[in-house]
Structure formats: structure tokens, C-alpha cells
Amino acid sequence: MPPAPDDRPAETPERSDPAYATNPAVAPVGDRRPVGGGASPANAAAPPPSAGNPSSAGEYLDSLLQAKSELFRTTKEVLRDSYVPSRLPHREQQVRQVAEILAPALKGDLPSNLLIYGKIGTGKTAVVAQVRQEILRRTELAEHISFVSINCGNIDTPYSLLQTIGNTFAKNEADRVPTGWSLDRVQAGMRRLMDSKGGIVLLILDEIDRLVARSGDGVLYTLSQLNTELETARVVLVGISNDLKFTNQLDARVRSRLNEEKILFPPYDALQLQDILRERAREAFRDGVVDPGVVERCAAYAALENGDARRALALLRLSAEMADRDHAKRITADHVVKAKNRLEQDIIIECVRTLPPHCKVLLYAILQSYERRRNGVLTGEVYEGYKRLAERLGLQPLHARSISNYVSELESLGLIRATIVSRGRGGRTREIIVDVPISETMPALEEDPLIAPVGRPKSRGQMLLTNFDNPGRTGPF
Ligand SMILES: Nc1ncnc2c1ncn2[C@@H]1O[C@H](COP(=O)(O)OP(=O)(O)OP(=O)(O)O)[C@@H](O)[C@H]1O
Ligand SMILES: [Mg+2]
């Protein structure tokens, strides 16, 4: 039986845009990992700038927009995850390896499939994005090359993965693979769309391990044998994983096809993180505004967190935002301390925001039950709550097995704890306890247009607080 299709297109507009596949200016799919970058309490709570005395909302906004930061050179973009820096210190070797493996595509030859492993924030996505930019910059040679970047962390089912890949090549609405087709038809539709463009498709599957943990390796088998069925297109798989043991879960055939080449990204140490931060700080901040010790502290903290460069950069950016909020002329060690506390909270919120659609509905159902009971909730009850919510939202509920995998995933992300309880003759089940502050997590979910229709009405306070750092996002932060 085909997996239950999702009634809602799984891809973001960015990914459904054909330009996304080929436009080097488009940044890679944002990472789902917590970065502390989603909310910006600093700016949301900022008092009006001292210049002028704005009295209306419009004047207030204008004055905020005109106010120049004493700290940042231009925008904060340089410190964001979506920014692809031109240089990646301490990743020269990996850049060279990835480039060497993919370069044959420029000569029209089919590169080997590639698997990239490394812990969170070790530069995997950034390195691939940089090589992709360089390949696409050679416009004439790259005419026959398409890049499709998918973050599997945001995709619920193999069905939505294949549909998303196919639709990347759709030239117009009528060309798209709609929701509702059988899985076989979606696969055929995807192949037709790929063949309509032809050439070499470099299919980057980021967070591929999460896809396999959720739905097994069947879809990877399908993708790895596409070349035997395609007519004018040829596919190269570039898998990115932060689970080093992930290939153990794969069928031997899939493993050998995916593993043609592999590259390991080791974690950064504190000194390497300092170099990365210094380089970004030079681009992001005006001269002399970063106090001695700030970079070192941010790097030391992130080195303890498995050498995660994202964490280091998020801490530096939040420290600068804290300083901005204080109207300080320099970023000091005190700002880093404040930022670190804030970052821990933001990590949870960002993690929740980037869950795939059905996982968000599940978490919302868990939070609802938990809020009512203030006590552990059993998985059966959670599944019923999820099904009710999904139906109210017009989604075809996933099977209990997929939801059970999502419960494990939410647990491994540290959002819930699930303990096995014995129910006598009733067998064993899991009891779920929520491990995040409900008062912050529910509004973060309700912010999503997917959940909003079943969300609680917003309180006045929540509606008034707007996150100026993320236009289009509002929330009680
Ligand atoms: N060597 C580097 N130089 C400059 N910036 C870096 C470097 N390595 C990583 N970064 C930055 O750190 C952040 C995290 O890197 P990236 O997203 O590539 O990590 P990742 O290994 O893909 O992590 P995950 O497994 O969580 O997806 C990005 O903003 C990236 O630009
Ligand atoms: Mg990544």
C-alpha cells in the first residue's frame, strides 16, 4: 500500500521554485538544527531609537529601519546560517575533496555518489554549498547540470520526497506532480520531469539519516537505481548525515551504491572555531567593536558542544544583538554570558519550528494533552489526539508506526521523554513527558500556518510583540 500522501505540499515555495535548483544565488535549504537564530528578543524588545520622537507605528518602524547599528557593518546576514562565506577556514581539504569528486560533471561525465559524514555544525552543508556555487559559476560548462538540494529533516514521507524532487523541475503549475497520485505514479512523474530537463542532476540529500530513521531505506533504493530508468537525465546522490553509523541501517545494495565515495568532517576544536569566528567578525562588525575575550568565549562554549560552528556563530550574533539592545558601543564578555542563557531557550524554539509538518502536529497534540493533564500521556492517547488534529487540518494522518518513529525522534531531540510502562495484560506502552516549556513551545508551533487553524486564539500581548529581526514572523518572544 502506498504511504498515505500528505494533503499539503511538502516543499517550501523556495524549493518548489525551479530557479532553486539552478540558481547559485539561492542559499542552501536552511538547516533544521537549533541555531538560536529564529527569534530575536533583542530587537523585538528594543526601545525606539533616540533620534526623533516617533508617535505612530509607521514612524516607529521607519525610525527602527533607519537607525544604524554602532556594531554591525551592514546587516546581520553575515552571521546567519544561510550565508555562504567565501572562505571556510579549516575545511580546505574537504572543499578540495568534494570538488574533485563532483568536477567530472563539468566535463559531462557522471560523478560517483558521495556520502558526507560529520557531527552537527562541522561545515558539511556549507562546503557542499560552496562547491555548488563554484560549479554553477562556470555557466557554460554547467549548463547541463542541475542541483536539487533537499533537507530531508523537513520531509515527512518518501512520497513527499519524490514529489518534491520532481516538482523542482516543473516549469509551470500544470507540470507539477500533484498530491493524491499513487506512489508509482509520483515516481513516474518525477522521472518524466527529470528527463524533460535532462543532463546531470546532483541530488543533495541533507540529513539523509533522518529520512532513513523515519521511513527506512526503500526510497534510497528507488533513487539509487533511477539511472537505469531515466532516459536523458542522470542522477548523482550526495548524502549528508550527522549520524556516523547511519549506513549500518542500510540494505547492502543501497549501502554500496551510496558509499562510492565518502568524506568525514571532524569536529572543530576551540582554536579552529576562533579562526572561523574572527573571519566572520571581520566581515560582520565595524572595526574595534569586539572586546578581547569575546571570540574566545564563544569558541570555548561551542567547542564543548561538540565543536559546532553554528552554535559559535549564533552565540556571537546574539551577543552582538544583546549589545545593540543595550546601545553599547562594544560587545563585551558580559553580553556573551547573557546571550548564552538566551541561546539555550532559542535552541528549543528553533528546533520546534523546523520539524516536518506531521511531527509538528504530533508535538502539538502531545502538548495539548500534557497541558490538560499535567501528567504523563500514553502513546495511544497521543496518537488519537494527533489523528483528530490532522483530520481537522485536512491532512491524511500517518500510520501509527510512522508516528511512533516521530515519538522517538522528538525524544532524541530532547523535546519529550518517553518511558516504557507495563499495563498488565494490556502489554507495554510508552508514557510521554514533555521536556520543554509549554508556554513558549505552543506559541512557536501556533505561529506556523499549518497549526494556526487549530491553535488557541492569540492573546493581545502575543499579537503586539513582533519580531522585527524576522519579517513575517510574529510571536511572543
Ligand atoms: N570552516 C568554516 N568557516 C566558516 N564558517 C563555517 C565553517 N564551518 C561551518 N561554518 C558555518 O557554521 C554554520 C554551520 O555549518 P553547516 O551548516 O555547514 O554545518 P553542518 O555540518 O551542515 O551541520 P548539520 O549537521 O547540523 O546540518 C554555517 O553558518 C556555516 O556557514
Ligand atoms: Mg547541514
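# Cores, helices and a small sheet in a predicted model

The protein chain holds 20 helices and eight strands, and the coordinates discussed here belong to a predicted model. Of the 477 residues of the chain, 44% count as buried. Among contacts between residues at least 6 apart in sequence, 75% join residues that are at least 24 apart.

## The nonpolar cores

In soluble globular proteins, nonpolar side chains tend to be buried together. In this model the largest nonpolar core has 65 residues, and those with the most contacts inside it are Leu277, Cys298, Ala312, Leu315, Leu363 and Ile366. Helix α14, which covers residues 309-325, gives the largest share of this core, namely ten residues. Because domain 1 (41-79 + 269-347) and domain 3 (355-464) both give residues to this core, it lies between them. Apart from this core lies another one, of 53 residues, which includes Val98, Ala105, Tyr117 and Val177.

Which residues does Ile366 contact, once its neighbours within four places in sequence are left aside? They are Val377, Val382, Ile416, Ile432 and Val434. Several of these names return in the description of the sheet below.

## The three-stranded sheet

Three strands form an open sheet in the order β6-β8-β7, with antiparallel pairing. Since β6 and β7 stand at the edges and each has a single partner strand, one side of each is left without a neighbour in the sheet. Strand β6 (residues 377-378) pairs with strand β8 (residues 428-434) over two bridges in the antiparallel sense, and Val377 has Ile432 as its bridge partner in β8. Strand β7 (residues 416-422) also runs antiparallel to β8, to which it is joined by seven bridges; here Arg417 stands opposite Ile433 of β8. Val377 and Ile432, which are bridge partners, are both among the contacts of Ile366.

## Helices α13 and α15

Helix α13 (residues 294-304) has Val294, Val295, Arg297, Cys298, Ala299, Ala302 and Ala303 as buried residues, and the buried residues of α13 pack against α12 (270-284), α14 and α15. Cys298, one of these buried residues, is also listed with those that have the most contacts inside the largest nonpolar core. Just after α13, Asn306 takes a positive phi of about 65°.

How far apart are the end C-alpha atoms of helix α15, and what span should its 21 residues have? At 1.5 Å a residue, the 21 residues of α15 (residues 333-353) should span 30 Å, and the end C-alpha atoms are 30 Å apart, so the two values agree. The helix nevertheless bends by about 25° at Glu344. Its buried residues are His335, Val336, Ala339, Arg342, Leu343, Asp346, Ile347, Ile348, Ile349, Glu350, Cys351 and Val352.

## Residues with a positive phi

Most residues other than glycine have a negative phi. Two histidines in loops depart from this pattern, and the table gives their angles and places.

| Residue | Phi | Loop | C-beta neighbours within 10 Å |
|---|---|---|---|
| His90 | near 65° | between α4 (57-66) and α5 | 17 |
| His327 | about 55° | between α14 and α15 | 13 |

With these neighbour counts, His90 is partly exposed, and His327 likewise counts as partly exposed.

## Two individual positions

Is Asp217 buried or exposed? Asp217 lies in the loop between α9 (208-215) and α10 (218-224), and it counts as buried because it has 21 C-beta neighbours inside 10 Å, where 20 or more are required. Leaving aside neighbours within four places in sequence, Asp217 is in contact with Val212, Gln249, Leu250, Asp251 and Val254. Asp217 and Thr247 are 30 residues apart in sequence, while their C-alpha atoms are 9.8 Å apart in space.

Ala99 is found in helix α5, residues 92-102, and it counts as partly exposed, with 15 C-beta neighbours inside 10 Å. When neighbours within four places in sequence are left aside, Ala99 is in contact with Val131 and Glu134. Ala99 and Gln130 are 31 residues apart in sequence, and from C-alpha to C-alpha they are 9.4 Å apart in space.

Note on methods:
Residues numbered from 1 in each chain as written. Chains lettered and ligands numbered in written order. Predicted model: local features only at pLDDT ≥ 70, side-chain atom pairs only at ≥ 80, totals over all residues. Core = buried A, V, L, I, M, F, W, Y, C linked by C-beta atoms within 7 Å. Buried ≥ 20, exposed ≤ 12 C-beta atoms within 10 Å, placed from the backbone. Helix = DSSP H or I, 4+ residues; strand = E, 2+ residues; numbered from the N terminus. Domains from an automatic or database assignment. Contact = placed C-beta atoms within 7 Å. Expected span 1.5 Å × (residues − 1). Bend = angle between axes of the 7 residues up to and from the residue. Pairing = 2+ DSSP bridges.
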